[in-house]
Amino acid sequence: MQNYEKFREYTEKGYLCTMNCTSDLRREALALLKKFYGYQAFRPGQFEIIEAVAAGNDVVVLMPTGGGKSLCYQLPAMMKEGCAVVVSPLIALMEDQTSALVANGIPAAAIHSNRDEAANREIIEAAYRGRIKLLYVSPERLLADLDTWVSHLPVSLFAIDEAHCISQWGHDFRPVYTQLSVLKQRFPSVPVMALTATADRLTRDDIITQLGMENPLRWVGSFSRPNLSLRVVQGASKKQRVATVAQMIRRYPNDSGIVYALSRKGAEDMHATLCAQGFRSVVYHAGLSADERARAQRSFTNGDVQVVCATIAFGMGIDKSNIRWVVHNNLPGNIESYYQEIGRAGRDGLPAETVLFYSYQDIIMRRHFIEESGRPLVATEKLDLMQKYAESTICRRRILLSYFGETAECDCGNCDVCLDPPSRFDGTVLAQKAGSAIIRTGQEVGIMTLTDILRGSVRAEIRQKGFDRIKTFGAGRDLPAPAWTAYIGQMIQLGLFEIAFDEANHLKVTPYGMRAIRGEIKVELSTFTPYTHTPRKQVPKEPPTPVDPVQQLFEQLKAVRKAVAAKAQVPAYVVFSDASLLDMAQKRPSSMEEFMKVSGVGERKGVRYGKRFISAIRKFEGMSASMPQGTSVKETLILHNAGVGLGEIAEIKGISVETVRSHIAQLIDEDMVTTFGNYISRTEYEDIARALASDPEGKTLREKYSFGMISLAKAIMAYHQRAK
Ligand code: ADP
Ligand code: ZN
């Protein structure tokens with residue numbers, strides 16, 4: 001709430017949206033973007049969405065994680081009268097969002113059950129009085145309170161985050177969301193915005209119907225995230241998986257990553273293994289208490305741990321921009337989930353790595369889950385597509401983009417297929433060996449047993465069933481087991497065999513497969529390469545070495561950020577994102593004026609944190625740590641515009657209030673400053689003005705007023721003269 005006064009002052013000066021025409025709106029929106037967020041330009045779609053809401057329209061926003069959805073409702077909320085209500089499913093998410101907004105000087109708050117009701121009441125009161133521009137609330141709470149405070153609130157906009165939860169077609173259906181349809185009925189004239197990172201066409205249409213939106217703008221942003229490297233590894237052993245995770249942690253020792261597992265046990269296992277190796281890890285899954293989960297999430301967002309081992313329960317609403325890597329220990333159930341989960345890495349736009357480990361066991365497990373749940377058909381189709389992605393031999397990003405309805409013009413160059421294209425060979429003989437082994441067992445073996453038969457393993461089960469006596473037993477000894485598993489997988493994809501999920505996952509030879517066995521068709525396979533931890537052709541950079549000055553400064557700035565964040569008791573990314581720090585390390589601002597030009601430095605943050613960062617940079621450059629004393633009148637102007645008071649300006653700049661007054665006098669002369677209340681009181685001004693009328697030299701005044709005060713009064717008099 002402390003942001004309100006300054007926010008109001010700013011918007012009342014006439015910047016508040018007049019919404020006369022697009023160019024006015026754009027200018028005003030850009031001014032807010034620069035002032036409060038420190039960004040120079042909108043990302044694709046952001047302005048179009050703002051414009052639609054300004055015109056009173058409903059909007060559906062589909063943008064990938066990290067695409068910049070929050071701004072789409074935050075800016076209209078700032079520009080419109082009243083209070084925007086943001087529906088958000090998680091308390092942790094609400095808290096993160098509001099603290100980020102408050103850090104930028106935007107009045108925002110959240111209503112939730114983790115806070116006592118008196119505090120909630122106070123927030124609601126403030127919202128009534130128009131002192132809060134964004135109010136975050138859970139769907140349950142909003143619906144429960146519809147007839148009480150909500151009905152009296154001057155709502156400017158309803159923003160529904162994670163809107164895919166409304167649809168049964170989506171992958172994260174939450175029944176309570178369906179009741180949000182009441183909003184359009186109760187508040188027909190208030191625009192509704194639905195935002196999601198994951199929605200196929202069916203889900204998108206469903207969102208619109210369920211919310212009763214009227215002819216909404218549908219914005220489908222680009223899902224391309226070129227900074228995420230994509231890698232899929234089939235059939236890696238547990239040891240290899242752990243080694244990969246360990247390598248990621250070592251590669252980014254000061255950042256963090258996520259390992260996703262299919263089951264709670266899988267997450268616990270990985271966590272235990274990593275802890276045993278001395279890494280700082282936490283575990284997160286739905287089996288923990290709400291308290292334990294909140295604690296795990298906190299230590300992750302605060303950067304206290306290097307890795308979180310989690311099930312899919314983790315992550316929705318993780319607004320941490322410097323996650324550098326995501327490893328999937330198992331195949332996700334569908335492409336939307338996968339893309340959302342890897343999308344949590346690299347939200348700052350800097351390079352981030354993703355690895356997906358995949359085995360046939362995963363498919364079987366997933367199938368099992370799906371059959372147990374009630375919606376087999378859609379889910380099975382989605383799983384099939386996920387599997388196709390994992391087994392693809394063409395650029396993976398192309399597959400992802402086409403899934404979201406985009407076409408990529410060329411290969412991405414940042415996935416394992418592009419970096420290390422598979423070579424092909426004639427695999428007809430292999431297919432014949434595998435196929436005839438399946439037939440000779442009476443088509444009653446799964447992938448594992450088939451591999452064992454081909455490799456000539458004398459496991460008890462194989463001997464019992466007499467599989468060691470069939471003709472193809474041991475016919476594939478020359479290939480290692482992972483290679484056979486991979487090739488059998490390819491053969492399934494090619495349609496030679498099928499997995500009978502309803503018959504203990506046994507393999508069946510298709511008619512097409514029969515033709516291969518009879519030698520009527522040729523089978524082409526792509527060469528299996530044994531797994532190594534790093535892609536062979538592009539070995540990513542090892543931990544930043546201190547030779548690169550930008551990297552070096554970047555690391556130092558991170559340390560400053562950590563200290564600043566600890567003192568302010570906010571997560572580090574609330575202070576500045578990595579992208580901002582990197583820009584800072586590149587631009588190396590040594591004055592306040594330059595500092596304000598760094599991306600992500602709005603006025604509030606510039607004023608609050610500038611000094612700490614600038615002195616670190618100046619030290620790095622071998623300059624004296626303090627900024628040149630009062631050299632720049634412009635810096636005073638920046639602070640003035642940010643609503644900083646006289647004493648605070650002097651303190652931030654390390655100059656006397658007298659000097660600040662003389663700066664302001666100079667700025668008034670140049671018509672740069674037109675509000676003076678902070679620097680001189682009305683009585684003081686009138687007293688000086690009266691005395692100057694009879695004594696233009698102001699000799700008598702010197703005893704009573706300082707030089708700075710007198711020159712300020714003179715400047716104001718001249719200003720009024722000009723104004724006449
Ligand atoms: P989403 O909600 O879509 O996952 P966010 O709204 O959290 O994404 O935005 C991701 C990151 O991009 C944030 O750090 C945000 O500050 C930044 N961002 C958003 N819009 C812009 C912009 N126009 N210019 C620069 N950075 C932006
Ligand atoms: Zn590619």
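This is a short tour of a predicted model, stop by stop, with selections to make in the viewer.

**Whole chain**

Start with the protein chain in cartoon view. Its secondary structure comes to 34 helices and 17 strands. Along the principal axes, the C-alpha atoms fill a box of roughly 120 × 60 × 45 Å. The protein chain has 724 residues, of which 56% count as buried. Colour by sequence position and look at what touches what: among contacts between residues at least 6 apart in sequence, 72% join residues at least 24 apart.

**Strands β2, β3 and β4**

Select residues 134-137, which are strand β4. Leu134 and Tyr136 point one way from β4, while Leu135 and Val137 point the other way. These four residues are buried. In a regular strand the side chains alternate between the two faces of the sheet.

Now add residues 83-87, strand β2, which pairs with β4 in the parallel sense over four bridges. To find the register, select Val87: its bridge partner in β4 is Val137. Then add strand β3, residues 108-111, which runs parallel to β4 and is joined to it by four bridges. Here Ala109 has Leu135 of β4 as its bridge partner.

**The six-stranded sheet**

Move on to the sheet that holds strands β8 to β13. It is open, its six strands pair in the parallel sense, and their order is β8-β13-β12-β9-β11-β10. Select 228-234 and 281-284 to see its edge strands, β8 and β10, each of which pairs on one side only. From one strand to the next the twist averages 15°.

Inside the sheet, select 256-260 (β9) together with 323-328 (β12); five bridges link this parallel pair. Gly257 stands opposite Trp325 of β12.

Go back to the edge at β10. Which way do its side chains point? Ser281 and Val283 point one way, Val282 and Tyr284 the other, and all are buried. β10 pairs with β11 in the parallel sense over four bridges. Across that pairing, Tyr284 stands opposite Ala310 in β11.

**Helices on the sheet**

Keep the sheet displayed and add residues 264-276. This is helix α13, which lies across β9, β10 and β11 (307-310) and runs at about 170° to β10. Next add residues 376-390, helix α17, which packs on the sheet and touches β8 and β13 (352-358). The direction of α17 makes about 110° with that of β13.

**Helices α16 and α17**

Leave α17 on screen and add α16, residues 360-372. The two helices pack at an angle of about 165°, with their axes 10 Å apart. Because that angle is over 145 degrees, α16 counts as roughly antiparallel to α17. The crossing is right-handed.

Show side chains at the contact:

- From α16: Tyr360, Ile363, Arg366, Arg367 and Ile370.
- From α17: Pro376, Ala379, Thr380, Leu383, Asp384 and Gln387.

By class, this contact of α16 with α17 has six nonpolar, two polar and three charged residues.

**Helices α20 and α23**

Select 428-440 (α20) and 481-493 (α23). Their packing angle is about 90°, and their axes are 11 Å apart. The angle falls in the range 65 to 115, so α20 is roughly perpendicular to α23.

Show side chains again:

- From α20: Leu430, Ala431, Lys433 and Ala434.
- From α23: Trp484, Tyr487 and Met491.

The residues of the contact of α20 with α23 divide into six nonpolar, no polar and one charged.

**Ser526**

Stay with Tyr487, one of the residues that Ser526 touches. Ser526 sits in strand β17, residues 524-526. Is Ser526 buried or exposed? Its relative accessible area is 4%, so Ser526 is buried. Leaving aside residues up to four places away in sequence, Ser526 also touches Thr393, Pro422, Ser423, Arg424, Phe425 and Gln490.

**Gln551**

For the last stop, select 549-568, helix α25, and pick out Gln551. With a relative accessible area of 21%, Gln551 is partly exposed; the cut-off for buried is under 20%. Finish with a distance: the C-alpha atoms of Gln551 and Ala585 are separated by 7.6 Å, although the two residues are 34 apart along the chain.

Methods. Residues numbered from 1 in each chain as written. Chains lettered and ligands numbered in written order. Predicted model: local features only at pLDDT ≥ 70, side-chain atom pairs only at ≥ 80, totals over all residues. Heavy atoms only, no water. Pairing = 2+ DSSP bridges. Axes fitted to C-alpha atoms, helices over the stretch in contact; angles between N-to-C directions. Contact = heavy atoms within 4.5 Å. Parallel < 35°, antiparallel > 145°, perpendicular 65-115°, else oblique. Left-handed = near helix turned anticlockwise from the far one by under 90°. Nonpolar A, V, L, I, M, F, W, Y, C, P; charged D, E, K, R; others polar. Buried < 20%, exposed > 50% of the residue type's maximum accessible area, 1.4 Å probe, protein only.
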